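Trainee: I am new to this structure and would like a close look at a single part of it. Could you take me through the place where the two domains meet, together with the strands and helices around that place?

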Amino acid sequence: MFRCRAAWISVALVAACVGTAPFANAADKEPLTVNWYHKAQFLQPVIDQFSKDSGIAVKVTDAYDNFDTDVILVSDYKSLTEAKKLGSFEEIRSPDLDAIVPARWRDRDGNWYGVMLRARAVIYNKAQVRPGEIKSYRDLADPKWRGKIALRSASNMYNRSLLASMIVHDGYASAASWAKAVRDNAGERAEYSGDTGNIWRVAKGEFALAFVNTYYLCYEIAKGREQANGLKLADTLGVAWLDQDGAGQHVNVTGVGVRSGTARKDDAMKLVRFLLSKQGQALLSQNVFKYPVRSDVAPSALLQSFGSFRADELNLNDLELHYDEVDGIYRSVGWRAWQEE
Ligand SMILES: [Fe+2]
């Protein structure tokens, strides 16, 4: 063991013993930090298993795109790109993780890995829409849905990434005409809400259709909102998986990265690897209601109850240069950039 005891020790060594070493020890006892942006309590069971297996204490925060935790979880490709531009991530490219996460769902420069997938599907009111009537995003452009579509604001990153993917697949003109038709179908004086608000507006029959990330259905069930609202979502809502005969259902990632400059990079990488392990992926799907990025892990039973789908294989990195076009389209068609919640 190294001891600081001799009178001949240099000033530098004294500083190392008296100053640095105790601080390093104290830092080791601080919990590693990670955020979950849909309430920390939902990620907690996943993290508890990691702490049990690794002996590493972890604190889960509710931080949303603050990029200030040792391990950073971000909910959409667009925000991941912004964090990368801010220099918030350490490069963590690893051959073993590259082998687990397909290139289309990880940063091409190794700054982050997709860790879970979300699907932005369409939900419909079963009394107003027949099963199979909605097969594509394009179907929502049909004028027969005038006044029947509940929208979320255009500044929402889920909607921005959705339209960016349409530009990549079908070109600017096609995406613009789709956005105009869907905006028109929301009615002249459209009222906007978040995904959660739109779930209940459709469930109660106020609207026939809305776009929703399906994990919000699970959160509403987990939070006991069915009892509070006096109806079971499965009774009144259907989920339409889209473009199964074409490009596939639009998906996007929750990405995981390690904060630039963290003193806990080794422990942070252990957590990243755990989240991408078979066990971690299954726990994530059960507790935060998203789809595993690993093809060898099944989605949770609750997710499977909504049915299965073929995901779009578009490489998310291809979205990067299209967000200005997206914002221009939404502005030009009057798809509002804010919402009332
Ligand atoms: Fe979300």
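**Strands and helices where the domains meet**

Mentor: In strand β7 (residues 237–240), L237 and V239 point one way while G238 and A240 point the other way, and all of these residues are buried. In general, side chains in a regular strand alternate between the two faces of the sheet. Please keep in mind that what you are looking at is a predicted model.

From β7 we can step to its neighbour β4, since 4 bridges join β4 to β7 and the two strands run antiparallel. One residue pair to look for here is V122 with A240, the latter being the bridge partner of V122 in β7. β4 is also joined to β8, this time by 6 bridges, and that pair again runs antiparallel. On this side you can find Y113, which stands opposite V256 in β8.

β8 itself is mostly covered, with 8 of its 8 residues buried. Strand β3 (residues 71–74) is linked to β8 as well, through 4 bridges and in an antiparallel arrangement, and in β8 the residue G255 stands opposite V74.

With these strands in view, we can turn to the division of the chain, which gives domain 1 (30–116 + 253–293) and domain 2 (117–250 + 310–333). The centres of the two domains, taken over C-alpha atoms, are separated by 27 Å. Where the domains touch, 19 residues of domain 1 are in contact with 18 residues of domain 2. On the side of domain 1 that touches domain 2, the elements giving two or more residues are α3, β4 (113–125) and β8 (251–258). Of these, α3 gives the most, with 4 residues. Sorted by class, that side of domain 1 has 9 nonpolar, 5 polar and 5 charged residues.

This brings us to helix α3 (residues 77–85), which packs against helix α5 (residues 157–170) at an angle of about 100°, with the axes of the two helices 8 Å apart. Angles of 65 to 115 degrees count as roughly perpendicular, and α3 and α5 are therefore roughly perpendicular to each other. The residues that make this contact are Y77, K78 and S79 on the α3 side, and M157, R160 and S161 on the α5 side. By class, the contact of α3 with α5 comprises 2 nonpolar, 2 polar and 2 charged residues.

Note on methods. Residues are numbered from 1 along each chain as its sequence is written. This is a predicted model: local features need pLDDT of at least 70, side-chain atom pairs count only at pLDDT 80 or more; totals for chains, interfaces and linings use all residues. Axes are lines fitted to C-alpha atoms, for helices over the stretch in contact, and angles run from 0 to 180 degrees between N-to-C directions. Angles under 35 degrees count as roughly parallel, over 145 as roughly antiparallel, 65 to 115 as roughly perpendicular and the rest as oblique. Two residues are in contact if their C-beta atoms, placed from the backbone, lie within 7 Å. Ala, Val, Leu, Ile, Met, Phe, Trp, Tyr, Cys and Pro count as nonpolar, Asp, Glu, Lys and Arg as charged, and the others, Gly among them, as polar. Domain bounds come from an automatic or database domain assignment. A residue is buried if 20 or more other C-beta atoms lie within 10 Å of its own, exposed if 12 or fewer, and partly exposed in between; C-beta atoms are placed from the backbone. Two strands pair if DSSP finds at least two bridges between them.
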